[in-house]
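Got the model open in your viewer? Let's take a short walk through it, one selection at a time.

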Amino acid sequence: MSSIVHVTDSSFEADVLQAEGPVLVDFWAEWCGPCKMIAPVLDELSSDYGDKIKICKMDVDANKETPAKFNIRGIPTLMIFKGGNMDSMKVGALSKTQLVEFIDGSL
């Protein structure tokens with residue numbers, strides 16, 4: 001069962017910036033092929049990692065403010081936030097191995 005949280009411009013502060021532990025945010029769009037490719041992997045990882053990291057998704061078409069704040073130019077863009085600050089970022093579709101390395105590097 002996936003525990004991915006869908007965040008919006010209005011919930012970003014509470015869901016991501018004020019979160020207790022690390023948070024991975026996937027900035028994506030419905031029309032984005034690579035975004036669709038990594039979606040099932042993120043679902044799987046949200047189960048694998050459980051409480052170690054919170055995984056969120058933000059639709060860049062439905063939410064304009066937050067992606068603009070973080071200069072999101074290409075999607076998918078994956079950002080890991082810790083303590084309210086952006087810790088690391090990757091742009092483009094990653095394999096499961098690359099995603100695991102990206103997350104483990106921030107834990």
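**Starting at a strand pair**

Begin by selecting strands E2 and E3, which pair in the parallel sense over 6 bridges. Keep in mind as you go that this is a predicted model. For one position along this pairing, pick valine 25, which stands opposite cysteine 56 in E3. Now add helix H2 to the selection: E2, H2 and E3 make a right-handed β-α-β unit.

**The other neighbour of E2**

Next, bring in E4. E2 and E4 pair in the antiparallel sense, over 5 bridges. To see one of the matched positions, select leucine 24 and look across to isoleucine 80, its bridge partner in E4.

**How enclosed is E2?**

Switch to a surface view and hide or show E2 (23-28). How many of the residues of E2 are buried? The count is 6 of the 6, so the strand is largely enclosed by the rest of the structure. Colour the two faces separately and you will find both covered: Val23, Val25 and Phe27 are buried on one side, and Leu24, Asp26 and Trp28 are buried on the other.

**Into the nonpolar cores**

In soluble globular proteins, nonpolar side chains tend to be buried together. Here, the largest nonpolar core has 17 residues, and those with the most contacts inside it are Phe12, Val16, Val25 and Phe27. Helix H1 (12-17), strand E2 (23-28), strand E3 (54-59) and strand E4 (77-82) each supply at least two residues of this core. Which of these elements gives the most? That is E2, with 4 residues.

Zoom in on valine 25 and show what surrounds it. Not counting residues up to four places away in sequence, valine 25 touches Phe12, Val16, Cys56, Met58, Thr77, Leu78, Met79 and Phe81. Apart from the largest core lies another, of 15 residues; try selecting some of its members, among them Tyr49, Leu78, Ile80 and Phe102.

**Last stop: cysteine 32**

Finally, follow the chain out of E2 into the loop that leads to helix H2 (33-49), where cysteine 32 is found. Is this loop residue buried or exposed? Cysteine 32 has a relative accessible area of 4%, so it counts as buried; the cut-off is under 20%.

Which residues does cysteine 32 touch, leaving aside its neighbours within four places in sequence? Show Ile75 and Pro76, and you have its contacts. Draw a distance line between the C-alpha atoms of cysteine 32 and proline 76: they lie 7.7 Å apart in space, although 44 residues apart in sequence.

Note on methods:
Residues numbered from 1 in each chain as written. Predicted model: local features only at pLDDT ≥ 70, side-chain atom pairs only at ≥ 80, totals over all residues. Heavy atoms only, no water. Core = buried A, V, L, I, M, F, W, Y, C linked by side-chain atoms within 4.5 Å. Buried < 20%, exposed > 50% of the residue type's maximum accessible area, 1.4 Å probe, protein only. Contact = heavy atoms within 4.5 Å. Pairing = 2+ DSSP bridges. Right-handed = clockwise from strand over helix to strand, strands pointing away.
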